[in-house]
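Visitor: Please take me closely through a single part of this model, and then show me how that part sits with everything around it.

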Amino acid sequence: RDIARGKMFGKTAIVLNLVLSALGVAIYFALSYFSASRIPSANLDTLFFAVLLVPVAYFNQAANSVVAGHRPVVLGYAVIFSEVAKIAVAYPLLIVFKVGIDGVILSVIVANLAQSIGSAALAGDALSNPVDLQMGRRWLGHAWLPMLTTLPLLLGIADTYIASLAAANTV
């Protein structure tokens with residue numbers, strides 16, 4: 001929102017999201033371990049490999065948000081980068097080498113990195129200002145506001161997660 005208003009805090013947004021991804025990684029590890037112990041078909045190695053998706057997803061979200069506020073048309077280019085990278089990685093991993101779910105995870109990581117790097121590279125002067133810790137503190141102080149719109153969605157999907165744990169199956 002601040003970037004759309006002409007305040008170029010793109011670096012602050014990206015750095016803050018990457019720092020916060022550490023918390024996301026910790027939560028992911030805890031949930032993966034808990035889930036793997038309850039679901040016999042879960043592969044703990046694959047779940048732990050997938051933790052790489054967390055910081056990449058945070059970086060991708062931050063870069064895309066920055067560019068959406070500054071130059072929205074760039075999002076289309078970033079998606080093109082993402083899809084080309086995904087196909088270039090997924091085809092050999094899944095079709096040629098038959099890597100399976102780990103290949104899917106790696107393909108998604110590469111695609112998200114391509115999209116976020118493309119967004120960041122094309123964001124222009126939105127990333128020109130240095131990291132502003134004061135702005136980061138302000139954003140963290142208001143971090144609860146988006147929860148008002150996402151809480152119903154989280155509660156809506158929580159039943160699926162709880163049901164799979166209760167049934168000890170991924171069905």
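Guide: Let's settle one term before we start: a residue counts as buried when its relative accessible area is under 20%, and as exposed when that area is over 50%. By that rule, buried residues make up 30% of the 171 residues in the chain. Please keep in mind throughout that this is a predicted model.

First, the setting. The chain holds seven helices and zero strands, so its pattern along the sequence is simply α-α-α-α-α-α-α. Taken along the principal axes, its C-alpha atoms fill a box of roughly 50 × 40 × 25 Å. Among contacts with a separation of 6 or more, 79% join residues 24 or more positions apart.

The part I'd like to show you is helix H5, which runs over residues 101-122. H5 has 22 residues, and from its first C-alpha to its last it reaches 31 Å, close to the 32 Å expected at 1.5 Å a residue. Its buried residues begin with Gly103, Ile105, Ser107 and Ile109. Further along come Ala111, Asn112, Gln115 and Ser116, and the list finishes with Gly118, Ser119 and Ala120. When you look for the sides of a helix, it helps to recall that an α-helix has 3.6 residues a turn, so residues three or four places apart point the same way. As for what lies over the buried residues of H5, the cover includes helix H2 (44-49), helix H3 (53-70) and helix H4 (74-96).

Both ends of H5 deserve a glance at the backbone. A useful reminder here is that most residues other than glycine have a negative phi. Ahead of the helix, in the loop between H4 and H5, sits Lys98. Lys98 is not a glycine, yet its phi is positive, about 50°. Lys98 counts as exposed because its relative accessibility is 64%. After the helix comes Gly124, whose phi is also positive, near 65°.

Now to the partners, beginning with H4. The axes of H4 and H5 come within 8 Å and cross at roughly 155°. An angle over 145 degrees counts as roughly antiparallel, which is why H4 is described as roughly antiparallel to H5. The crossing of the two is right-handed. The residues of this contact divide into 17 nonpolar, six polar and one charged.

H3 is another part of the cover over H5. The 18 residues of H3 should span 26 Å at 1.5 Å a residue, and the 25 Å between its end C-alpha atoms agrees with that. Buried in H3 are Val54, Val56, Phe59, Asn60, Ala62, Ala63, Asn64, Val66 and Val67. These buried residues pack against H1, H4 and H5, so H3 links our helix to the start of the fold.

On the H1 side, a good residue to pick out is Ser21, whose place is in that helix. Ser21 counts as buried because its relative accessibility is 5%. Beyond its neighbours within four places in sequence, Ser21 is in contact with Val54, Pro55 and Tyr58; of these, Val54 is one of the buried residues of H3.

H1 (residues 10-38) has a further partner in H6 (residues 133-141): their axes come within 10 Å and cross at roughly 60°. That angle makes H1 oblique to H6. The crossing is right-handed. On the H1 side, the contact is made by Thr12, Ala13, Leu16 and Leu20, and on the H6 side by Gly136, Trp139 and Leu140. Sorted by type, these residues are five nonpolar, two polar and no charged.

Two long distances round off the tour. In the segment before H1 you will find Ala4, which counts as exposed because its relative accessibility is 55%. Ala4 and Ser32 are 28 residues apart in sequence and 37 Å apart in space, C-alpha to C-alpha. The other distance brings us back to our loop: Gly100 and Leu151 lie 51 residues apart along the chain, with 33 Å between their C-alpha atoms. Leu151 belongs to helix H7 (residues 147-167), and at 40% relative accessibility it counts as partly exposed.

Key: Residues are numbered from 1 along each chain as its sequence is written. This is a predicted model: local features need pLDDT of at least 70, side-chain atom pairs count only at pLDDT 80 or more; totals for chains, interfaces and linings use all residues. Side-chain values use heavy atoms; hydrogens and water are left out. Helices (H or I, at least four residues) and strands (E, at least two) are DSSP runs, numbered from the N terminus. The expected span of a helix is 1.5 Å times one less than its number of residues. Buried means under 20% relative accessible area, exposed over 50%, partly exposed in between (1.4 Å probe, protein chains only). Contact means heavy atoms within 4.5 Å. Axes are lines fitted to C-alpha atoms, for helices over the stretch in contact, and angles run from 0 to 180 degrees between N-to-C directions. Angles under 35 degrees count as roughly parallel, over 145 as roughly antiparallel, 65 to 115 as roughly perpendicular and the rest as oblique. A crossing is left-handed if the near helix is turned anticlockwise from the far one by less than a right angle, and right-handed if clockwise. Ala, Val, Leu, Ile, Met, Phe, Trp, Tyr, Cys and Pro count as nonpolar, Asp, Glu, Lys and Arg as charged, and the others, Gly among them, as polar.
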